[in-house]
Amino acid sequence: SILQFKLKSLLASGAATLDAALTGSFDAPALTGHATITDGRLRPFDSPHSVEALNGRITFGTNPTTLENAITLDDVTGRVGNGDVRFGGTIALDGYRVVEYDLTAQGRSMRLRYPDGFSSTVDMNLFLTGPRTAPRLTGSIDVLRMAVVGASAASSSSRLALLAGGGPAETLRPAIAATPASTIPVTLNIQVRAPRMAIIDTKTAHVDASAELTVGGTFEAPTLNGDVDLVGGRFSAYGNQYFVRESTISFHNSFDPIFDVAVET
């Protein structure tokens with residue numbers, strides 16, 4: 001309830017027990033003790049995924065490394081997309097005020113419905129660091145598997161055929177949801193890596209690709225740089241058989257792709 005009161009775009013549930021003491025002066029308080037989270041769940045309104053099964057201990061007190069007041073995450077675990085996630089690190093405090101972040105999140109085998117029309121299984125290692133006024137989210141995301149799902153699987157061949165025939169590229173652009181303005185400008189620098197894998201594998205289409213991408217910018221204005229390399233493949237559409245040759249889909253500080261695709265039929 002406290003989280004939902006402070007963050008209007010968040011759904012939260014679960015239980016927590018608190019055993020802490022507030023000492024010192026009103027202008028320079030010191031919080032010591034701990035809180036234990038049991039079966040917590042957090043979900044932003046605009047996210048298809050939530051952090052579930054949150055369990056662990058949060059300690060309030062002096063950071064033994066910096067000797068500053070801090071909130072420390074002690075072995076806090078959860079699940080995202082049926083994959084295990086472990087949270088750690090500290091949040092430095094000056095009285096009641098957050099001063100600096102030094103947090104980590106490690107996820108394994110998380111199944112995400114992203115990008116739109118795809119099911120992706122990924123590992124992640126993310127770090128939120130820096131002062132409160134200019135935090136940075138860095139790290140890496142390794143794609144283990146990716147597949148077209150649902151209605152997108154049925155239409156993937158016709159989309160590829162439109163692209164091969166010089167059709168509008170807009171049919172392949174992912175939908176980017178509007179992000180509400182934030183008072184904290186979080187800077188992004190996340191590496192996304194995908195080895196060669198079948199990104200489309202249906203009865204009518206099979207396409208292999210690899211990717212090296214960087215998500216930059218900020219949460220409010222993210223950017224995407226890098227290439228998706230189509231290694232090869234084939235698909236059937238409109239009574240024709242097509243063969244995909246080595247091709248590239250590039251991103252230059254934008255989520256709008258630039259296609260350089262070679263197809264024979």
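Let's start with a bit of vocabulary: a residue is called buried when its relative accessible area is under 20%, exposed when that value is over 50%, and partly exposed in between. Keep those words handy as we walk through this predicted model.

Try them out on Glu52. Its relative accessibility comes to 37%, so Glu52 counts as partly exposed. Glu52 has a partner, too: it forms a salt bridge with Arg41, and the closest N and O atoms of the two are 3.3 Å apart. Where do Glu52 and Arg41 lie? Glu52 is in strand β3 (residues 51-62) and Arg41 is in strand β2, so this pair ties together parts that are 11 residues apart in sequence. Arg41 falls in the middle category as well: it is partly exposed, with a relative accessible area of 29%.

Now let's step back and take in the whole protein. It contains two helices and 15 strands. The protein has 265 residues, and buried ones make up 34% of them. If you look at contacts with a separation of 6 or more, 44% of them involve residues that sit 24 or more positions apart. As for the outside, the protein exposes about 15200 Å², and carbon and sulfur atoms supply 57% of that area.

Back to the charged pairs. How many salt bridges does a search of the whole structure find? It turns up seven, and we can visit a couple more of them. Asp208 forms a salt bridge with Arg196, with the closest N and O atoms 3.3 Å apart. This pair links distant parts of the chain, since Asp208 is in strand β10 (residues 205-217) and Arg196 is in strand β9 (residues 187-201), 12 residues apart. Are these two buried or exposed? Asp208 is buried, because its relative accessible area is 14%. Arg196, on the other hand, is exposed, because its value is 55%.

Next up are Glu264 and Arg245, whose side chains meet in a salt bridge at 3.0 Å, N to O. Glu264 lies in strand β15 (residues 263-264), while Arg245 is in the loop between β12 (240-244) and β13 (247-251), so the pair ties together parts that are 19 residues apart in sequence. Glu264 is partly exposed, because its relative accessibility is 45%. Arg245 is partly exposed too, at 37%.

Not every charged residue has a partner like that. Take a look at Asp123, which you'll find in strand β7 (residues 118-131). Asp123 is buried yet has no salt bridge. Which side chain of opposite charge is nearest to Asp123? That would be Arg108, 4.5 Å away, and a salt bridge needs the nitrogen and the carboxyl oxygen to be within 4 Å. Asp123 does have a polar neighbor, though: the backbone nitrogen of Ser109 lies 2.8 Å from a polar atom of the Asp123 side chain. Leaving aside residues up to four places away in sequence, Asp123 touches Gly107, Arg108, Ser109, Ser140, Ile141, Asp142 and Leu144.

Let's finish on the surface. Here Leu22, Phe26, Leu31 and Tyr96 form a nonpolar patch, with about 480 Å² of accessible area together. One member of the patch, Leu31, is found in strand β2 (residues 29-44). With a relative accessibility of 32%, Leu31 counts as partly exposed.

How values were computed: Residues numbered from 1 in each chain as written. Predicted model: local features only at pLDDT ≥ 70, side-chain atom pairs only at ≥ 80, totals over all residues. Heavy atoms only, no water. Patch = residues over 30% accessible without salt bridge, like charges linked within 9 Å, V, L, I, M, F, W, Y side chains within 5 Å. Areas by Shrake-Rupley, 256 points an atom, 1.4 Å probe, with all protein chains shown as cover. Helix = DSSP H or I, 4+ residues; strand = E, 2+ residues; numbered from the N terminus. Buried < 20%, exposed > 50% of the residue type's maximum accessible area, 1.4 Å probe, protein only. Lys, Arg positive; Asp, Glu negative; His and termini not counted. Polar contact = N/O pair within 3.5 Å; in protein donor to acceptor, adjacent residues only side chain to side chain. Contact = heavy atoms within 4.5 Å.
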